[in-house]
Amino acid sequence: MAKLRITQIRSGIGGTHNQRATLRTLGLRKINASTVREDRPEVRGMIRTVTHLVRVEEVDS
């Protein structure tokens with residue numbers, strides 16, 4: 001299964017409570033922090049919620 005590298009590029013301070021919670025759920029706490037997650041529908045939905053705050057790259061497994 002493909003993996004995604006999710007990097008936070010903007011602060012979540014101005015966002016809604018839901019957006020800040022989504023960043024925490026993805027494991028992102030600071031700008032330029034990144035995590036690697038499996039490409040699943042649940043993760044894609046979370047990324048869609050904070051698409052303006054993160055950068056997503058596909059990583060070879």
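A nonpolar core is a set of buried Ala, Val, Leu, Ile, Met, Phe, Trp, Tyr and Cys residues joined through side-chain atoms within 4.5 Å. In this predicted model, the largest such core has ten residues. Three strands form an open antiparallel sheet in the order 2-1-3, and helix 1 packs on that sheet. The count of salt bridges comes to four.

**Nonpolar core**

- The ten members of the largest nonpolar core are L4, I6, L23, L26, L28, V43, I47, V50, L53 and V54.
- Strand 1 (3-8), helix 1 (17-26) and helix 2 (41-49) are the elements that give two or more residues to this core.
- Each member counts as buried because a nonpolar core is by definition a set of buried residues, and buried means under 20% relative accessible area.
- V54 belongs to the core; leaving aside its neighbours within four places in sequence, V54 is in contact with I6, T7, Q8, I9, L23, L28 and I47.
- Among these contacts of V54 are I6, L23, L28 and I47, which are also listed as core members.

**Sheet**

- The sheet is open, with its three strands in the order 2-1-3 and antiparallel pairing.
- Strand 2 (34-38) and strand 3 (54-59) are the edge strands, each of them pairing on one side only.
- On average, neighbouring strands of the sheet are turned by 25 degrees against each other, with direction ignored.
- Six bridges connect strand 1 and strand 3, which pair in the antiparallel sense.
- The residue in strand 3 that serves as bridge partner of L4 is E58.

**Helices against the sheet**

- Helix 1 touches strand 1, strand 2 and strand 3 as it packs on the sheet, and its direction makes about 80 degrees with that of strand 2.
- Helix 2 lies across strand 1, strand 2 and strand 3 and runs at about 25 degrees to strand 1.

**Salt bridges**

- Side chains of opposite charge can pair when their charged atoms come close.
- E57 and R5 meet through their side chains in a salt bridge of 3.8 Å, N to O.
- This pair links distant parts of the chain, with E57 in strand 3, R5 in strand 1 and their positions 52 residues apart.
- E57 also forms a salt bridge with R55, where the closest N and O atoms are 3.6 Å apart.
- Through shared partners, salt bridges join R5, R55 and E57 into one network.
- The residues of this network are partly exposed: E57 has a relative accessible area of 30%, R5 has 33%, and R55 has 40%.
- Another salt bridge is formed by E42 and R40, whose closest N and O atoms are 3.1 Å apart.
- E42 counts as partly exposed at 46% relative accessibility, and R40 likewise at 38%.

**Surroundings of E57**

- E57 is found in strand 3 and, not counting residues up to four places away in sequence, touches K3, L4 and R5.
- One of these contacts, R5, is a salt-bridge partner of E57, while another, L4, is a member of the largest nonpolar core.
- E57 is partly exposed, because its relative accessible area of 30% falls between the limits of 20% for buried and 50% for exposed.
- From E57 to I31 the separation is 26 residues in sequence and 16 Å in space, C-alpha to C-alpha.

Notes:
Residues are numbered from 1 along each chain as its sequence is written. This is a predicted model: local features need pLDDT of at least 70, side-chain atom pairs count only at pLDDT 80 or more; totals for chains, interfaces and linings use all residues. Side-chain values use heavy atoms; hydrogens and water are left out. Buried means under 20% relative accessible area, exposed over 50%, partly exposed in between (1.4 Å probe, protein chains only). Helices (H or I, at least four residues) and strands (E, at least two) are DSSP runs, numbered from the N terminus. Contact means heavy atoms within 4.5 Å. Two strands pair if DSSP finds at least two bridges between them. Axes are lines fitted to C-alpha atoms, for helices over the stretch in contact, and angles run from 0 to 180 degrees between N-to-C directions.
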